[in-house]
Amino acid sequence: MDRSPPDDDPGTVRHAPPAPESGLPVLPELRAVAAAAADRAMAGPPGGPPELRAAAAGYWTRRGLRTTATDSVAAHGTPALLCALIAAHDGDVLMPRPSPAWWTPQARLLRRAAYHVPASEESGGVPDPYALLEAVRRVRAEGGAPKLLLLSVADDPTAAVAPPELVREACEAAVAEGLHIVSDETWRDTLHDPHQSVLVSPAEMCPDQVTVVADLAGALLPSAWPAAIARFPAAERARRERVLDVLTVLGAGIAEPVAAAAATALDEPPPVVERAERAAALHGQLAQAAHLAVTASGARARPPQAGRHLYVDLGPLRAGLAARGVSDSMELEEYLTARLGTPVPGGHRFGDELGALRARLPTAPLAGPGPKEREESLTSPAPLELPHVAAALSALGTAFDELR
């Protein structure tokens, strides 16, 4: 268990890595909705306009989480939502290791201690339940007050989908110790093969102790249109009101054109559903091909199941990296970013040990250098056979093979 204390330099982030992009053109139907709302000059209410919150309730309900508009909140991206959620809960924060790069800075910004609990390779963004219980015991023994557990069943950075039984065990352990759970489900609609990966929300298992958040840039909106939603348990109405207070102070409302597009996307008309499914399938193929390329060089990587990224461990290639002046994940980030010509954040960004040679590879650059090529990749029945995709995968393989 590692601890990130609320020190004198809270929340410092030096050029934090962006979330994995889709790299795809904006869906024409959503572009039209946003354009039609472009003349709306009034700011929306805290928590989002009623039609957006109603659309969010429908979105969650279709996923087995019965929700009303009064259980929902929308905001300008998940960082603002998470900041408000942490502020609305007293005490220390626990999260898996590795975890999204922006989680720890959020806790430190609010001067909360953040503790990283190991996650097994299989469970990705869900901490090992026994390690979680031990972490809670140790934090309390040291005078801490653990109150909040952050987890992600479809994970950034590992691209793993946690098995339902492990999710249940971790959630039961957290609830037994009095922790409230925040489940980040940004990537739940990006499963590469929905028939093989079973995703179960913690809110299905512990409905009164779980708040669910999702950034719509995961599957439904372009990242340049920041919008995120949260679903609160019915028993957490007072907490929801506190979150709205914090969002109001932060000025984290959603621009009206983006809110209109977000409501449409959350209603999931056929064009939105088709785009999300095609994009998930494309990035699944790219991620699997990238996995084959990097593991052929001797590097390690868990087969990706969701998202637009691949988490690689270059420990077996340490000698080749050392010959190039790379001995830790900060140097690995600099080397791979320069070598591949795209941001490749090192594992230290996600709470992993500095000495571990791990990094997150994006799959969007493999789809093509520009919108035209990426649209072609999206619509092709065999995207891996396209010349620009084959060339990108070959270049990736060469960059890793030369480290052997």
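This report describes strands, ring pairs, contacts and backbone features in a predicted model.

## Strand 6 and its neighbours

Strand 6 covers residues 180-184, and five of its five residues are buried. The burial extends to both faces of the strand. On one side stand His 180, Val 182 and Asp 184, and on the other Ile 181 and Ser 183, all of them buried.

Strand 6 pairs with strand 5 (residues 146-151) in a parallel arrangement, joined by four bridges. Within this pairing, Leu 151 has Ser 183 of strand 6 as its bridge partner. Strand 6 also pairs with strand 7 (residues 210-215), again in the parallel sense and over four bridges. Here Val 182 is placed opposite Thr 211 of strand 7.

The connection from strand 5 to strand 6 involves helix 6 (residues 164-176), and these three elements make a right-handed β-α-β unit.

## The sheet of strands 9, 10 and 11

Strands of a sheet pair through backbone hydrogen bonds, in either a parallel or an antiparallel sense. An open sheet of three strands shows antiparallel pairing, in the order 9-10-11. Strand 9 (300-301) and strand 11 each have a single partner strand and stand at the edges, so one side of each is left without a neighbour in the sheet. Two bridges hold the antiparallel pairing of strand 9 with strand 10. In that pairing, Arg 300 stands opposite Asp 313 of strand 10.

## Aromatic rings

Three aromatic pairs are found when the whole structure is searched. Among them is the pair of Trp 102 and Trp 103, which is edge-to-face, with 6.3 Å from centre to centre and 85° between the planes. The two residues can be described by their accessibility: Trp 102 counts as partly exposed at 24%, whereas Trp 103 counts as buried at 2%.

Another pair brings together Tyr 311 and Phe 350, whose ring centres are 5.9 Å apart and whose planes meet at 85°, so this pair is edge-to-face. The pair links distant parts of the chain, since its members are 39 residues apart. Tyr 311 belongs to strand 10 (residues 309-313), while Phe 350 lies in the loop between helix 12 (329-340) and strand 11 (358-362). Tyr 311 is buried, with a relative accessible area of 9%, and Phe 350 is buried at 1%.

A ring also takes part in a contact with a charge: the charged end of Arg 63 sits over the ring of Tyr 59, 3.8 Å from the ring centre.

## Ser 329 and Ala 219

Ser 329 is located in helix 12. Its relative accessible area is 0%, and it is therefore counted as buried. The side chain of Ser 329 makes a polar contact of 2.8 Å with the side chain of His 348. Beyond its neighbours within four places in sequence, Ser 329 is in contact with several residues, including Gly 346, Gly 347, Glu 353, Leu 354 and Arg 358.

Ala 219 is placed in the loop between strand 7 and strand 8 (228-231). At 23% relative accessibility, Ala 219 counts as partly exposed. When residues up to four places away in sequence are not counted, Ala 219 touches Asp 189, Thr 190 and Ala 276. Between Ala 219 and Thr 342 there are 21 Å in space, C-alpha to C-alpha, and the two are 123 residues apart in sequence.

## Backbone features

The following table lists two cis peptide bonds and two residues with positive phi.

| Residue or bond | Feature | Value |
|---|---|---|
| Arg 97 to Pro 98 | cis peptide bond | omega about 0° |
| Asp 156 to Pro 157 | cis peptide bond | omega near 20° |
| Arg 111 | positive phi, not a glycine | phi about 60° |
| Ala 159 | positive phi, not a glycine | phi about 65° |

Pro 98 has its place in the loop between strand 3 (92-97) and helix 4 (103-109). Arg 111 lies in the loop between helix 4 and strand 4 (114-118), and at 47% relative accessibility Arg 111 counts as partly exposed.

The loop between strand 5 and helix 6 holds Pro 157. Ala 159 is found in the loop between strand 5 and helix 6 as well. Ala 159 is buried, with a relative accessible area of 0%.

How values were computed: Residues are numbered from 1 along each chain as its sequence is written. This is a predicted model: local features need pLDDT of at least 70, side-chain atom pairs count only at pLDDT 80 or more; totals for chains, interfaces and linings use all residues. Side-chain values use heavy atoms; hydrogens and water are left out. Rings of Phe, Tyr and Trp (its six-membered ring) pair if their centres lie within 6.5 Å; planes under 30 degrees apart count as stacked, over 60 as edge-to-face and the rest as tilted. Buried means under 20% relative accessible area, exposed over 50%, partly exposed in between (1.4 Å probe, protein chains only). A charge sits over a ring if NZ of Lys or CZ of Arg is within 6 Å of the ring centre and within 35 degrees of the ring normal. Two strands pair if DSSP finds at least two bridges between them. A crossover is right-handed if, with the strands pointing away from the viewer, the path from the first strand over the helix to the second runs clockwise. A polar contact is a pair of N or O atoms within 3.5 Å; within protein, one must be able to donate a hydrogen and the other to accept it, and residues adjacent in sequence count only if both atoms are side-chain atoms. Contact means heavy atoms within 4.5 Å.
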